Amino acid sequence: MTRAARAEIDLRALQHNLRRVRANAPRSRVMAIIKANGYGHGLVRVAQALGDVEAFGVASLDEAIELREAGISHPIVLLEGFFDNSELSPIARYGLEPVLHHPEQLAMLETARLSGSLSLWIKLDTGMHRLGFPPGAAGEALARVRGSGNAAGPVRWMTHLACADDRADGMTAHQTSAFNEALAGIEGERSIANSAGVLGWPQTHADWVRPGIMLYGVSPFVDDTASDHDLLPAMTLRSRLIAVNRFRRGDTVGYGASWTCPEDMPVGVVAIGYGDGYPRHAQPGTPVLVGGSRVPLIGRVSMDMVTVDLRGCPGAGIGDEVVLWGEGLPVEEIAGHASTIAYELLCGVAQRVRQVETAVETPGQLRDSG
Ligand SMILES: *Cc1c(COP(=O)(O)O)cnc(C)c1O
């Protein structure tokens with residue numbers, strides 16, 4: 001028998017969340033961000049489910065080629081551009097759109113002899129201080145791109161927000177005006193907004209929005225959850241109980257014997273652990289759904305198993321369905337109990353966890369995919 005741990009990917013939730021992007025930013029085109037294997041949901045499957053977008057954004061050439069080879073013909077933006085010369089000819093061949101953020105890349109572009117010209121983006125650093133040209137260097141970067149003879153059509157412009165997840169932070173307004181001022185009088189489409197920009201900062205919508213996390217049904221904000229924005233979780237991490245044991249008051253559970261039974265009680269063992277991407281730092285008390293009821297995690301998370309307190313669920317038995325996050329249990333909440341963010345949990349689901357998609361055409365039917 002195969003292991004019970006599996007990640008169910010709800011393609012209709014992805015499509016619903018895309019409609020939420022459109023409803024929030026009706027005048028903008030959508031570049032769906034699907035880097036890191038579609039935030040752990042499967043790169044190609046996510047691209048196919050979101051076929052209605054105007055472009056996709058990925059982090060590397062490998063991801064873009066995987067999409068092309070799967071027949072995805074949309075514009076694909078390489079958010080970090082290229083890392084060395086050798087990537088330029090495949091970029092041209094596959095018709096990809098790199099983001100230029102560094103003078104080294106301009107130099108590579110100037111010396112490249114390509115089979116065709118490239119659609120290019122230039123990234124400005126308006127305060128994130130990670131990637132991008134200083135706003136004052138926009139004109140010079142543009143001149144070098146044009147002078148290279150390798151650019152097709154007008155260059156497009158982007159910047160990335162550092163603090164948009166906090167609606168009280170002044171950084172977003174500062175970054176937005178720095179971007180707009182740097183580009184005053186310069187032609188070309190503009191893009192500022194990530195998910196938090198889409199949902200919380202209409203002034204950042206511009207020509208293109210770049211939602212990632214909200215497509216997967218997670219709120220980008222620090223102080224609310226997905227349901228506040230009518231987003232549906234696209235991933236439900238499920239497993240089953242593989243043992244139910246009764247222990248005595250004073251018995252300890254798991255590595256380090258760190259948890260002690262306060263009374264005689266049933267303890268369930270779930271087939272999920274940090275080897276599957278369940279966070280090892282999830283604290284005792286982290287909620288888990290057993291047969292639909294919330295029960296608390298107890299003891300330490302091990303590689304293949306976690307233990308749960310079944311006092312609130314006395315009828316539970318071997319084989320019962322368990323939800324670790326997703327439907328009925330927001331991943332944001334689990335992230336909070338593990339001192340991390342939902343992005344990390346979604347991206348971290350391990351290869352050994354089977355992914356099962358819920359088909360769009362035939363609701364309710366499951367298609368197994370590796
Ligand atoms: C990852 C990323 C996004 C998407 O951010 P979310 O917070 O997931 O919406 C947008 N733009 C760039 C440049 C990114 O790297």
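A polar contact is a pair of N or O atoms within 3.5 Å; within protein, one must be able to donate a hydrogen and the other to accept it, and residues adjacent in sequence count only if both atoms are side-chain atoms. The model is predicted, with local features needing pLDDT of at least 70 and side-chain atom pairs pLDDT 80 or more, while totals for chains, interfaces and linings use all residues. Residues are numbered from 1 along each chain as its sequence is written, and side-chain values use heavy atoms, without hydrogens and water.

Around the ligand there are 13 residues (a heavy atom within 4 Å), of which K35, Y39, S195, I213 and Y343 come nearest. Polar contacts of the ligand include these:

| Ligand atom | Protein partner | Distance |
|---|---|---|
| oxygen | S195, side-chain N or O atom | 2.5 Å |
| nitrogen | R210, side-chain N or O atom | 3.0 Å |
| oxygen | G212, polar backbone atom | 2.9 Å |

Helices α6 (residues 103–111) and α7 (residues 138–147), both DSSP runs of H or I with at least four residues, have axes that come within 9 Å and cross at roughly 20 degrees. That makes α6 roughly parallel to α7 (angles under 35 degrees). In contact (heavy atoms within 4.5 Å) are P103, L106, A107, L109 and E110 of α6 with A141, R144 and V145 of α7. By class, the residues of this contact comprise 6 nonpolar, no polar and 2 charged, where Asp, Glu, Lys and Arg count as charged and Ala, Val, Leu, Ile, Met, Phe, Trp, Tyr, Cys and Pro as nonpolar, the others being polar.

Key:
Axes are lines fitted to C-alpha atoms, for helices over the stretch in contact, and angles run from 0 to 180 degrees between N-to-C directions. Helices (H or I, at least four residues) and strands (E, at least two) are DSSP runs, numbered from the N terminus. Angles under 35 degrees count as roughly parallel, over 145 as roughly antiparallel, 65 to 115 as roughly perpendicular and the rest as oblique.
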